[in-house]
Amino acid sequence: YARFWHKVLYDLGLVHTKEPFQKLVNQGLMVSRSYQRSNGIYVPADEVEEKEGNYFLKTTGEPLRSQIDKMSKSKLNGSTPDEVIEEQGADALRLYEMFMGPFDKEKVWNKEAVTGCRRFLNRFWETALSDKVSEEGDEEGLRLAHRLLHSVTADIEELQFNTAIAKMMEFMNGFVKVEKIPKSAVKIALQCLFPFAPHMASELWQKLDFKENINTCPYPEVHRPYLEQSVVTYVVQVNGKVRGRFDLPKDLTEEAILKTAKAHPQIQKYLVEGELKRVIFVPNKLLNLVIG
């Protein structure tokens, strides 16, 4: 619709460009499990129970056929956002939707997994408001914040929202260990979080008494010296496709990188689905997992 109305405005001479957008990226489908009786009638998930990988109608015990389908009202496999927001919050839902997988790929909905994003937000909140935060803090806090800024900015520009969120989660693992956290580092982290969890980021911004409006505050610039340390970005591929990027110390061994990759949720699912046949390792650059 935006493109249509832009062309109308162009025909009326009110704008000077024929096309409003330089690039089209289609969002991947959201899918979830559906359940059918033998006569083809769909059954809602709350009327189904699972036993040893099989599905049955709760009231009668009738076996059901189950498959992964596009979410729709007709298949009764949709999920009402209001219910998730009431239980987990709007920011947790928003974060989970972007964390599920690549923007343009099909994603399987799992309501229970929203809890993980909620826990991350709770951890971020508690850390930002903890007694460890002060005007003057350890240099390590700033180093972590600028590395996060560098990585998240690059991922947002490439529409790789899921990896940006994964890096924020990794960032928190190191950030909570800093003994004295600089308030300026928290400010940078909040600006990285803001596009993904705007409500919580805005409230923390006010509680920490930052004077600018977070909506209009200039986006921070990376302080390059903080990146010029013995840290490199390792690209992890699965069967030749990029599935993760990790900022880790330089010159790590293949075993160390493989251990880190196996512990990451985005990589784990592929290892569960298939057997690791071969590992291709390029020091300080690449780890490619061949899974069959």
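A residue counts as buried here when its relative accessible area is under 20%. Leu-204 is a clear case: its relative accessibility is 0%, so this residue is buried. Leu-204 is found in helix α8, which runs over residues 198-207. The model is a predicted one, and buried residues make up 38% of the 292 residues in its chain.

As for the overall layout, the chain has 10 helices and 12 strands. Its C-alpha trace spans about 65 × 60 × 40 Å along the principal axes. A couple of distances help with getting around. Between the C-alpha atoms of Leu-204 and Glu-19 there are 39 Å, with these positions 185 residues apart along the chain counted as their separation. Glu-19 and Arg-3, on the other hand, have C-alpha atoms 7.0 Å apart in space, with a sequence separation of 16 residues. Arg-3 belongs to helix α1 (residues 2-11), and at a relative accessible area of 43% Arg-3 is partly exposed.

Aromatic contacts come next. There are eight aromatic pairs in the structure. One of them joins Tyr-96 and Trp-109: the ring centres are 5.3 Å apart and the planes meet at 70°, so this is an edge-to-face pair. Tyr-96 sits in helix α3 (residues 90-99), while Trp-109 is in the loop between β6 (107-108) and α4 (114-128), so the contact ties together parts 13 residues apart in sequence. Tyr-96 is buried, at 5% relative accessibility, and Trp-109 is buried too, at 14%.

Another pair brings together Phe-103 and Phe-161. With ring centres 5.9 Å apart and planes at 90°, the two are edge-to-face. This pair links distant parts of the chain, since Phe-103 lies in the loop between α3 and β6 and Phe-161 lies 58 residues away in helix α6 (residues 161-175). Phe-103 is partly exposed, at 26% relative accessibility, whereas Phe-161 is buried, at 17%. Together with Phe-196, Phe-103 and Phe-161 make up one aromatic cluster.

Rings also meet charges. The charged end of Lys-51 sits over the ring of Phe-56, 5.9 Å from the ring centre. Lys-183 does likewise with Phe-210, lying over the face of that ring at 5.3 Å from its centre.

Helix α4 shows how burial can be arranged around a helix. Its 15 residues, at 1.5 Å a residue, should span 21 Å, and the end C-alpha atoms are indeed 21 Å apart. The buried residues of α4 are Val-114, Cys-117, Phe-120, Leu-121, Phe-124, Thr-127 and Ala-128. Viewed down the helix axis, the buried residues of α4 fall within an arc of 155°, so they line one face of the helix. The general geometry fits this kind of spacing: an α-helix has 3.6 residues a turn, so residues three or four places apart point the same way. Arg-119 and Glu-126 are exposed on the other side of α4.

The packing leaves some gaps. A search of the whole structure turns up two cavities of 30 Å³ or more, and the largest cavity has a volume of about 50 Å³. Its lining consists of Thr-163, Ala-166, Lys-167, Glu-170, Gly-244, Arg-245, Phe-246, His-264 and Gln-266. Helix α6 and strand β10 (241-249) each supply at least two of the lining residues. The largest share, four residues, comes from α6. Phe-161, from the aromatic cluster described above, lies in α6 as well.

Finally, there are two backbone points to look at in loops. Leu-159 has a phi near 60°, a positive value in a residue other than glycine. Leu-159 lies in the loop between α5 (139-157) and α6 and is partly exposed, with a relative accessible area of 31%. Asp-209 also has a positive phi, near 65°, and is likewise a residue other than glycine. Asp-209 is in the loop between α8 and β9 (231-238), and its relative accessible area of 46% makes it partly exposed.

Definitions and conventions:
Residues numbered from 1 in each chain as written. Predicted model: local features only at pLDDT ≥ 70, side-chain atom pairs only at ≥ 80, totals over all residues. Heavy atoms only, no water. Phe/Tyr/Trp six-rings, centres within 6.5 Å; stacked < 30°, edge-to-face > 60°. Buried < 20%, exposed > 50% of the residue type's maximum accessible area, 1.4 Å probe, protein only. Lys NZ or Arg CZ within 6 Å of the ring centre and 35° of its normal. Expected span 1.5 Å × (residues − 1). Arc of directions from axis to C-beta. 1 Å grid on protein atoms, 1.4 Å probe; cavity = no way out; pocket = protein on both sides within 12 Å on 5 of 7 lines; lining within 4 Å. Points joined across faces, edges and corners; volume = space filled by probe spheres on them.
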